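Here is a model to walk through with the viewer open. Turn it as you read, and look for each piece as it comes up.

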Amino acid sequence: MRILFTLLVKEFKQIFRNRMLLPLMFVLPVVQMILLTYAASLEMKGIRMAVVDQDHSQASRLLVSRFQGSPFFEMNLATSDYLEALSELTSDKVDVILHMQHGFEKKLYAEKETSLQLVVNAINTTEAGLINSYCTRIVNDYNGQIRAEWFVSDGAGMMKTLDIIPKYWYNPLLDYKIYMFSGILVIIVTLIGMLLTALNLVREKEMGTTEQINVTPIRKYQFLLAKLLPFMIIALFELAFGLVLGRLLFGLPMVGSLGLLFLFTCIYLLVVLGIGLFLSTISQTQQQLMFMAFFFMITFMLMSGIFTPADSMPPWAQKINLLNPVAYFMKVIRMILLKGSGFGDITREFYSLCIYATLILTLAITNYRKTT
Amino acid sequence: MVQQEHIIEVKDLVKKFGSFTANDRLSFHVEKGEIFGFLGANGAGKTTAMRILCGLSYPSSGEIMVAGHDVYREREKIKKKIGYMSQKFSLYEDLTVSENIRLYAGIYGLRKKQIATREEQLLERLGMLQIRDRFISEIPLGWKQKLAFSVAIFHQPAIVFLDEPTGGVDPITRRQFWEMIHDATEEGITVFVTTHYMDEAEYCDRVSIMVEGRIEALDTPAALKQQFESENMNEVFLKLARK
């Protein structure tokens, strides 16, 4: 116990004396949390639209005015030449073309249906999907209006259309920032737990002090505990710090129990620290370690569901995700904070991570050798 | 005459890395309280053998006893009784002189009070009282080496292993360093030292000379000079290495 305490004092002194590490731990996450939350947004505003109106009718103008009224669209070009609009799309001056052909209104009257063309720049598929759904929404509203006003005496007009009024639970205003912020918090906690622990261990290996420690009667568990505990505490502190920041800046909701969140984070950190420890046992230099850690971080992060829903990944990818600790935490932090899930709702994730922690720590500790 | 105690006993020590044999059937013993010089050119296998004795590395085969314990089964017991100063500098650069002393003393389980008195005595003897709160990274190499040695014997081990302790320091500091080694033996500590400075071999009670993984000669410096008809240890070494 006394030996462990001696070692812990040493670790904390070294961490707080490191001039690079402190800003790394406290300033960078703040920058990230603020910057990424605002920047990595899936809300689109100012979609640039070109309108090709070859009909010049009341019906076509009504549709255009609908788009003009929307805060999401801005009209960059109004023309009757389709090719002109297409060249604007090609040179990336507009994102989408709305094309109404000659006879748009006439056909609508005569046949009670008509068609229009939407050309979307799909270089960025997510963006294209969003543009499409925004447009569909506006056209649907337009449909409703036309039916009500023009065909009111008609049989078809009498038929009430189904009107969907969505109610978004757990994030009623669909505030994307809240969703992003919780995700970024997960990444930061992971980064500190995994990367800093591993770097610290490999740095001692490079400096040669590990060898000196290995000839002393220190037990492996004492040394490793002293290495892991500080970063666990710092990562937990970082979580608390982030939650406060999120509350103040973005009004981050905290519906569920914070105690449960911290308990889950502790288990999660055991897994992450275990991975960091394991990586440090198989690398000799900080360079090797950085490369490996980078690989794992990127893979874990992009598969975790931070940007795209993990549930919509193909089944084989979801199987791989069983090994991705970040995916568990990503899901659970949002469940607890936004939805107020209790322990009963996260038991599967909780016990999975407990097993994961046991396995990875056993592997890492066995792989850490005092004698080669 | 009292029977001399063998504090290190090595019989047929072999260490292989793949097909390369770093230590080829080494057999020797070290007597309690002596300064045992472990000589050889770079790459002769000195450090490899020393790491095995310290419990840092597994031998491929052979019987090895250190301080009465078997290196296969009782490494942790051995570690309590030895001190070690590696070739690579082993103090923490970002801790102060005093913090380093306390850290290592704490690791060996010394009591707080005990540490405080011994630290005071040590710093006074080394003339480092004024710099006790300076970071290791700020003090000159020679001082660091002396401090590293003092830290290695702070817990009063039975044996101290020194791996090329005087690499890169000036002749005056080297001289002072060897005085410290002598003082340590007065306290009953056995010294096992590797070096490739042949003049330092003269300070040892007995030396072994390794060439390409084998011990080619082992005796007192005087006997070796006589055996190889040489003026000094340098000549002895050159004759052996060129054989």
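Both sides of β3(B) are covered: B:Ile35, B:Gly37 and B:Leu39 are buried on one face, and B:Phe36, B:Phe38 and B:Gly40 are buried on the other. Keep in mind that this is a predicted model. Strand β3 of chain B runs over residues 35-40, and since 6 of its 6 residues are buried, it is largely enclosed by the rest of the structure.

What does β3(B) pair with? Strand β8 of chain B, residues 190-195, pairs with β3(B) in the parallel sense, over 5 bridges. If you want a spot to find that pairing by eye, B:Gly37 has B:Val193 as its bridge partner in β8(B). Strand β9 of chain B, residues 206-211, also runs parallel to β3(B) and is joined to it by 5 bridges. Here the pair to look for is B:Phe36, which stands opposite B:Arg206 in β9(B).

Now for the nonpolar packing. The largest nonpolar core has 129 residues, and the members that touch the most others are B:Leu53, B:Val160, B:Phe161 and B:Val191. Which helix gives this core its largest share? That would be helix α8 of chain A, residues 176-207, with 17 residues. A second core, separate from that one, has 14 residues, including A:Met49, A:Val52, A:Val96 and A:Ile97.

Back in the largest core, B:Phe161 is a handy residue to click on. Leaving out residues up to four places away in sequence, B:Phe161 touches B:Met50, B:Leu53, B:Cys54, B:Ile82, B:Tyr84 and B:Phe192.

Next, pick out helix α5 of chain B, residues 141-152. With 12 residues at 1.5 Å a residue, α5(B) should span 16 Å, and its end C-alpha atoms are indeed 16 Å apart, so the two agree. Its buried residues are B:Gln145, B:Lys146, B:Leu147, B:Ala148, B:Phe149, B:Ser150, B:Val151 and B:Ala152. What do they pack against? The buried residues of α5(B) sit against two strands of chain B, β6 (82-85) and β7 (159-163), and against the chain B helices α3 (97-107), α4 (112-126) and α6 (171-186).

Chain B also holds an open sheet of 4 strands, in the order β2-β1-β4-β5, with antiparallel pairing. Its edge strands are β2 and β5 of chain B, each of which pairs on one side only. Strand β1 of chain B, residues 6-17, is joined to β4(B) by 5 bridges, and the two run antiparallel. Across that pair, B:Lys11 stands opposite B:Glu63 in β4(B). β4(B) and β5(B) are antiparallel too, with 2 bridges between them, and B:Met65 stands opposite B:Asp70 in β5(B).

While you're at this sheet, have a look at a couple of backbone angles. Most residues other than glycine have a negative phi. B:Ala67 has a positive phi near 50°. Where is B:Ala67? You'll find B:Ala67 in the loop between β4 (61-66) and β5 (69-70) of chain B, in a hairpin with 2 residues between the strands. Is B:Ala67 buried or partly exposed? With 19 other C-beta atoms within 10 Å, B:Ala67 counts as partly exposed, because a residue needs 20 or more to be buried.

B:Arg25 is another residue with a positive phi, about 45°, although it is not a glycine. B:Arg25 lies in a strand, namely β2 of chain B (residues 20-31). B:Arg25 is partly exposed as well, with 14 other C-beta atoms within 10 Å.

Finally, step back to chain A and to where the chains meet. Chain A is divided into domain 1, made up of 2-40 + 173-367, and domain 2, covering 47-158. The C-alpha centres of these two domains of chain A lie 48 Å apart.

How many residues does each chain bring to the contact? Chain A puts in 17 residues and chain B 24 residues. On the chain A side, the elements giving two or more residues are α1 (2-17) and α9 (209-214). α1(A) gives the most to that side, with 6 residues. By type, the chain A side divides into 4 nonpolar, 9 polar and 4 charged residues.

Technical notes: Residues are numbered from 1 along each chain as its sequence is written. Chains are lettered from A and ligands numbered from 1 in the order in which they are written. This is a predicted model: local features need pLDDT of at least 70, side-chain atom pairs count only at pLDDT 80 or more; totals for chains, interfaces and linings use all residues. A nonpolar core is a set of buried Ala, Val, Leu, Ile, Met, Phe, Trp, Tyr and Cys residues joined through C-beta atoms within 7 Å. A residue is buried if 20 or more other C-beta atoms lie within 10 Å of its own, exposed if 12 or fewer, and partly exposed in between; C-beta atoms are placed from the backbone. Two residues are in contact if their C-beta atoms, placed from the backbone, lie within 7 Å. Two strands pair if DSSP finds at least two bridges between them. Domain bounds come from an automatic or database domain assignment. The expected span of a helix is 1.5 Å times one less than its number of residues. Ala, Val, Leu, Ile, Met, Phe, Trp, Tyr, Cys and Pro count as nonpolar, Asp, Glu, Lys and Arg as charged, and the others, Gly among them, as polar.
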